[in-house]
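Let's take a walk through this protein one piece at a time. Keep the 3D view open and turn it as you read.

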Amino acid sequence: MNFRITGTGSYLPKRIVTNNDLAKIVETSDEWIQQRIGIRERRIATDETCADMAVSAAESALENAGVRADELDLILTSTVSGDFVSPSTACLVQKRIGATCMAYEINAACSAFLFLLETAAGYFARGKVKKALIVGAEKLSRILDWKDRSTCVIFGDGAGAAVLEAGDGYLDSTFDVKGDDEVLRIPHFHGSSPFDETEAEEPYIHMAGQETFKFAVSSITRDVKLLLERNSLTADDIRYIVPHQANARIIDTAARRLGIPQEKFYMNIDRLGNTSSASIPIALDELSRAGKLERGDKLLMCAFGAGLASAAALIRW
Ligand code: UT7
């Protein structure tokens, strides 16, 4: 026994920030950002905390599933941009939605939503939970260096959530981690210890763009191929491939290498930018609420990011 996704929810900050808005802050242009990344605008939190967004997405997913908070057996969250190092966003969500179940957070950067699914699958397999809530929430605007044009134009804020209930919807998954802190990292606040002799680094997103790009394309290509082959499927059997929304060119390049039409890949990066671990659940919620998914449809999700971690999962809707 594993699970089926029975409800989804998302929250997007009200404030829309266009490429032209960013061109007033750093030396960039709408044309460069659209051509290189495929983003027109993104949502940026103003009066929302990371937990506020997580709670809104969670409540919307619970309502969508028709599940009450007090029925939940497990809450898992992911973020690299939470309000606190501790308590985790999971604890804040648990408190604010009125749940009493176990709640904790997993850090696997942009791939984390798929790690949450895999972790939840273990509890379902052992019969330990019947209903779970998983949430990816990111306030990346807080950890961006707004003077660095190579990163601040890429990311956006938002949260996505899914309710999982016992069922047979989790079909297969694959995970890969190549321990690396050179290509992509987000240092913590350095602290003020008078004894600390280590080098301080700004607590912002540091990214080697081209290295990340290559890693992303190769992991999507490898993981999609693997899950299709292992399950004797072709792209025609899949309703949508839902990739982490990092860069439209990454998705286009991977689609070309796989020989899969680009329309098969769901994209919303033009409107939302890269929302790290929130991007896949937000995409699922958009697809579901737009009536683009039917029960029984197969979806293939794939993600990659700091770690360097990558993952893919095949589900039956
Ligand atoms: O979710 C986490 C995973 N993250 C990703 O997947 C991101 C992957 N990487 C990328 O998406 C791309 O590498 C970037 C969008 C970050 C950069 O695009 P690129 O085509 O790899 O550009 P580049 O780093 O090679 O830079 C090309 C030029 C440079 O100028 P020079 O040295 O050629 O004069 C940059 O300084 O573009 C310049 N540049 C910009 N110009 C205008 C970098 N950022 C900007 C900008 N506006 N915002």
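In this predicted model, start with a pair of helices: α7 (residues 209–230) packs against α8 (residues 248–258) at an angle of about 40 degrees, and their axes are 9 Å apart. Why give those two values? Two packed helices are described by the angle between their axes and the distance between the axes. The angle here makes α7 oblique to α8, because angles under 35 degrees would count as roughly parallel. If you want the handedness too, α7 passes α8 in a right-handed crossing.

Now zoom in on where the two helices touch. On the α7 side, the residues in contact include Phe-213, Val-217, Ile-220 and Val-224. Across from them, α8 brings in residues including Ile-250, Ala-254 and Leu-258. What kinds of residues make up this contact? They split into 8 nonpolar, 2 polar and 3 charged.

Next, swing over to a sheet. Strands of a sheet pair through backbone hydrogen bonds, either parallel or antiparallel. This one is an open sheet of 5 strands, and if you trace across it you meet them in the order β1-β7-β6-β4-β5, with mixed pairing. Which strands sit at the edges? Those are β1 (2–11) and β5 (102–105), each of which pairs on one side only. From one strand to the next, the sheet twists by 15 degrees on average.

Look at the β5 edge for a moment. Strand β4 (residues 74–78) pairs with β5 in the parallel sense over 4 bridges, and one spot to find is Ile-75, whose bridge partner in β5 is Ala-103.

Helices lie across these strands as well. Helix α3 (residues 50–65) lies across β1, β6 (131–138) and β7 (158–167), running at about 125 degrees to β1. Helix α4 (residues 89–97) lies across β4, β5 and β6, and its angle to β4 is about 130 degrees.

Finally, head for strand β13 (residues 307–316). Is this strand mostly covered or mostly open? It's mostly covered, with 8 of its 10 residues buried. One of its pairing partners is β8 (residues 170–180), which runs antiparallel to β13 over 8 bridges; here Asp-176 has Ser-310 of β13 as its bridge partner. Strand β12 (residues 298–305) is also antiparallel to β13, joined to it by 8 bridges, and Lys-298 stands opposite Arg-316 in β13. How many residues link β12 to β13? Just 1, in a hairpin.

Conventions
Residues are numbered from 1 along each chain as its sequence is written. This is a predicted model: local features need pLDDT of at least 70, side-chain atom pairs count only at pLDDT 80 or more; totals for chains, interfaces and linings use all residues. Side-chain values use heavy atoms; hydrogens and water are left out. Buried means under 20% relative accessible area, exposed over 50%, partly exposed in between (1.4 Å probe, protein chains only). Two strands pair if DSSP finds at least two bridges between them. Axes are lines fitted to C-alpha atoms, for helices over the stretch in contact, and angles run from 0 to 180 degrees between N-to-C directions. Angles under 35 degrees count as roughly parallel, over 145 as roughly antiparallel, 65 to 115 as roughly perpendicular and the rest as oblique. A crossing is left-handed if the near helix is turned anticlockwise from the far one by less than a right angle, and right-handed if clockwise. Contact means heavy atoms within 4.5 Å. Ala, Val, Leu, Ile, Met, Phe, Trp, Tyr, Cys and Pro count as nonpolar, Asp, Glu, Lys and Arg as charged, and the others, Gly among them, as polar.
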